[in-house]
Amino acid sequence: MPPLLNSMDSEQINQSYIMTKILIVGASGQLGSVLTEKLQDKYGADNVIASDLRMNPSFNGCFEVLDATDFEALQRLVLKFGITQIYHLAAILSANGEKAPLSTWDINMKSLFNVLEVSRLTNIDRVFFPSSIAVYGNDAPKNQTPQDYVLAPSTVYGISKVAGENWAKYYHEKYGLDIRSIRYPGVIGHQSLPGGGTTDYAIDIFHKVVKNEVFECFLEPTTILPMAYMDDAIRATIELMEAPKENISVRTSYNLSGMSFSPEELAKSIQKIYPEFEIVYQPDFRQKIAESWPSSIDDSVARADWNWKPKFDIDAMTNVMIDELKLKYT
Ligand code: AKB
């Protein structure tokens, strides 16, 4: 017989945690790997099913190989585990997407359609779909880009995110699917490596710093982009997913801001700790992508709807990144 809970314990147990079974699609990626651990801590390792294209031998917990472009395979997994929530994180990012535009569109859209349809057919409670600052294009105001400005992206990744946001809204309005989304800025973390984005330089730079190497930056020194520290990005994702339904006024995707900086400003922040650190600039095709994106984002709607507030600024983020990566490399 299970031990009896005292009244305090039973009050503390949130019924929805007990009933929740989460599937993470793209769990080995930059965000997925960190989010998976956070959700395991919160909901229990048995209630979180991580999935990705290839087996992850070092993974602790329940892992399933899944190609999210395969509708039947996705549906089988959802039914097998009695999934109630899906976090769909798999996508080809901005820089890699420009190397293969048509297959990027196919992969990003097919996997999203499969998640939407399986969610509708199996009555999934809640879905998370990541969008990006890449939904904005050259014509949008660079500073404090508003939530509701016209979306005219310049990359295939951005085009797939705009389409995805509209499909999310459509599934919400037509079928009542509770799908929620954030337009992520560049996310910077020490736990995982980035995978083919334009903001990747802001992670790569820290690996070079702690290895005492010169960093060759693929963006111009003064190109300012919106960024967020990983802890803030993960907290935002979970706070949005746990917010009461009636608070969610945006069914496309929420603007989200952490901090904004240029490569030059990041180098200066690093040089406060490593004065000898050297950066050189060798801009490539990613410069044009970065130039088409906002420099800073107006996230006042997220702040008003679900109390979003970032905790990390550039120096706080630099300190943690260097401390954590020093541990990793020594
Ligand atoms: C990318 O650079 O493509 C991503 C993003 C901002 O969506 N990190």
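Reader: Into how many nonpolar, polar and charged residues does the shell around the ligand divide?
Author: This is a predicted model, in which local features need pLDDT of at least 70 and side-chain atom pairs count only at pLDDT 80 or more, while totals for chains, interfaces and linings use all residues. Residues are numbered from 1 along each chain as its sequence is written. Around the ligand (C-beta atom, placed from the backbone, within 6 Å of it) are L93, S94, S132, I133, A134, Y157, Y184, P185, G186, G197, T198 and T199. With Ala, Val, Leu, Ile, Met, Phe, Trp, Tyr, Cys and Pro as nonpolar, Asp, Glu, Lys and Arg as charged and the others, Gly among them, as polar, the shell has six nonpolar, six polar and no charged residues.

Reader: Is α6 roughly parallel or roughly antiparallel to α7?
Author: Helices (H or I, at least four residues) and strands (E, at least two) are DSSP runs numbered from the N terminus. Helix α6 (101–121) packs with helix α7 (156–175) at about 15°, the axes being 10 Å apart; axes are lines fitted to C-alpha atoms, for helices over the stretch in contact, and angles run from 0 to 180 degrees between N-to-C directions. Under 35 degrees counts as roughly parallel, over 145 as roughly antiparallel, 65 to 115 as roughly perpendicular and the rest as oblique. Therefore α6 and α7 are roughly parallel.

Reader: Which residues of α7 meet α6?
Author: Contact here requires C-beta atoms, placed from the backbone, within 7 Å. From α6 come P101, T104, W105, N108, M109, L112, L116 and R120, and they meet α7 at V156, Y157, S160, A163, G164, W167, Y171 and Y175.

Reader: How are α4 and α6 oriented to each other?
Author: Helix α4 (71–81) and α6 pack at about 40°, with 10 Å between their axes. The two helices are therefore oblique.

Reader: Which residues of α6 make the contact with α4?
Author: Among the seven residues listed by class, four are nonpolar, two polar and one charged. On the α4 side the contact is made by F71, L74, Q75 and V78, and on the α6 side by N114, E117 and V118.

Reader: Which are the edge strands of the open sheet?
Author: Seven strands, paired in parallel (at least two DSSP bridges per pair), run in the order β3-β2-β1-β4-β5-β6-β10. Two of them pair on one side only: β3 (62–65) and β10 (254–255).

Reader: Which strands of the sheet does α6 touch?
Author: The direction of α6 makes about 175° with that of β4. Packed on the sheet, α6 touches β1, β4 and β5.

Conventions:
Contact = placed C-beta atoms within 7 Å.
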